[in-house]
Amino acid sequence: MSLLWSHLPMAPSSSPLPGRLVILYSSQTGNAIDAAERVGREAEHGGCPAVEVLSTDSFNPSCLPDERFMIFIVSTMGQGDPPDSMKDFWKYLLRNHLGVRWLKGLHYAVFGLGDSSYRECNFPAIKLDQRIFDLGAKRITERGLGDDQHSLGYEGELDPWLLSLWKSLNRTNPSLLPRVSDASHRKLNILGDAKVEVIYYSAPQATDISDSKILIEKARSMSPALKCHNSIEPLHMLQMVTNQRLTKGDTDRDVRHFELEDWRSAISYQVGDVLEILPSQNPSLVDDFIKRCNLDPDCYITVRAK
Ligand SMILES: Cc1cc2nc3c(=O)[nH]c(=O)nc-3n(C[C@H](O)[C@H](O)[C@H](O)COP(=O)(O)O)c2cc1C
C-alpha cells in the first residue's frame, strides 16, 4: 500500500496506477486541506492501493483524462469565487475544445466547503461538479456541500457524505476499496502519525533561535494582558452599543456584529483605520496552566511540519 501526501508542486505520473485514487483540494485558509487529508486517511484505511492528496495547482489539468478515480474538495472565497489555487485549473476546464467525452474514463466526486450566510454559497464546487459531468465523467456519488453555519461546521455534511462515497466507490470498483467498512470506522488511531513536530529549546540552546526570540519578545510586549492586568483600567474604555447575532437558527456557532463607541472621544481615527481587539489571558491562569502541564516557562519551542 502506498500513500503519497504531497502539498508540494509535483507532476502527476504519466501512467497512473489502475488502483490509484487522486484527491485534489482547493483551499484558501486550510479547511479543505484538513478535509482532503481526512478523505485520504479514510481511503487508506479502506485498503486503497494508492492514494494521492494534492493541491489543485500542482495537478496538470491536461492529465485529467488519464485518471480513473478522483475526489475534489473545493472551498469558496470572495463572493462565490474559487480559491487562488483553483483559478488556472478552472480556466483550463472552461476551454471550448474539450468535448463531451473528454473525461469519459473518469469517476469522480465533489465536496464543497462554503457558508450559507453568503448568497453565492458553494458556487465553485457546484460549478466544478457540473462541468466535469458535462465533460463526460461519471459521478461516484452526488456532490456534498459543507456549510459553516452547521452546528458541526463543514464536518456536519462531510461525515454522511463520506459514508455514501465509500459505499458507492466500493460498488463501482471493489478492488479500489477492499476494506470498505474500515474506511468509515471512526477509530481513534485513524489520525495516524502527527504531521508536526515540537522542538523544545533549553536556555543555552535558545541561541539557535535568536531571531525567533526577538519576535517572541516583541509579541509579548504587545500583550494586552500585560497592560490590562498591570493597571486598573484598560488603555481605552469603549462602550458596546450594538451586539447583534449574525448566525441564524439554533446553530451553536455564534458570530456577532459589534459596534463600539468611544464615549470620551479619546481615540482619533480616519476612514480605513483598523481597530484590533486582542484577546487577553489572565497571567495567573497562564501560570497555573504551565504548572499543571509541568512546563518550563523559560523554555522556547518551535513547531515545524514533519
Ligand atoms: C473571505 C471569505 C469569503 C468567503 N466567501 C464565501 C462565499 O462567497 N460563499 C461561500 O459559500 N462561502 C464563503 N466563505 C466560507 C468558506 O468557503 C469556508 O469558511 C470554507 O470552510 C473555507 O475553506 P478553506 O479554509 O479551505 O479555504 C468565505 C470565507 C471567507 C474567509
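Is Trp102 buried, exposed or partly exposed? Hold on to that one for a moment, everyone, while I set the scene. What we have here is a predicted model, and today I'd like to walk you through its aromatic rings.

To answer the opener: Trp102 has a relative accessibility of 21%, so we call the residue partly exposed. The cut-off for buried is under 20%, so Trp102, at 21%, falls outside that class. Its partner is Tyr92, and Tyr92 counts as buried, at 16% relative accessibility.

How many aromatic pairs does the structure hold? There are 3. One of them is Tyr92 with Trp102, a tilted pair with 6.2 Å from centre to centre and 40° between the planes. Tyr92 belongs to helix α2, residues 87-93, while Trp102 sits in the loop between α2 and β5, so this contact ties together parts that are 10 residues apart in sequence.

Now for another pair: Phe111 and Trp161. Their ring centres are 5.2 Å apart and the planes meet at 50°, so this pair is tilted. Here distant parts of the chain are linked, since Phe111 is in strand β5 and Trp161 is in helix α4, residues 155-172, with the two positions 50 residues apart in sequence. And how accessible are these rings? Phe111 is buried, with a relative accessible area of 0%, and Trp161 is buried as well, at 5%.

One last stop, for those of you who like charges and rings together. Look at Phe133: the charged end of Arg139 sits over that ring, 4.2 Å from the ring centre.

That's my tour, thanks for listening, and I'm happy to take questions!

Key:
Residues numbered from 1 in each chain as written. Predicted model: local features only at pLDDT ≥ 70, side-chain atom pairs only at ≥ 80, totals over all residues. Heavy atoms only, no water. Phe/Tyr/Trp six-rings, centres within 6.5 Å; stacked < 30°, edge-to-face > 60°. Helix = DSSP H or I, 4+ residues; strand = E, 2+ residues; numbered from the N terminus. Buried < 20%, exposed > 50% of the residue type's maximum accessible area, 1.4 Å probe, protein only. Lys NZ or Arg CZ within 6 Å of the ring centre and 35° of its normal.
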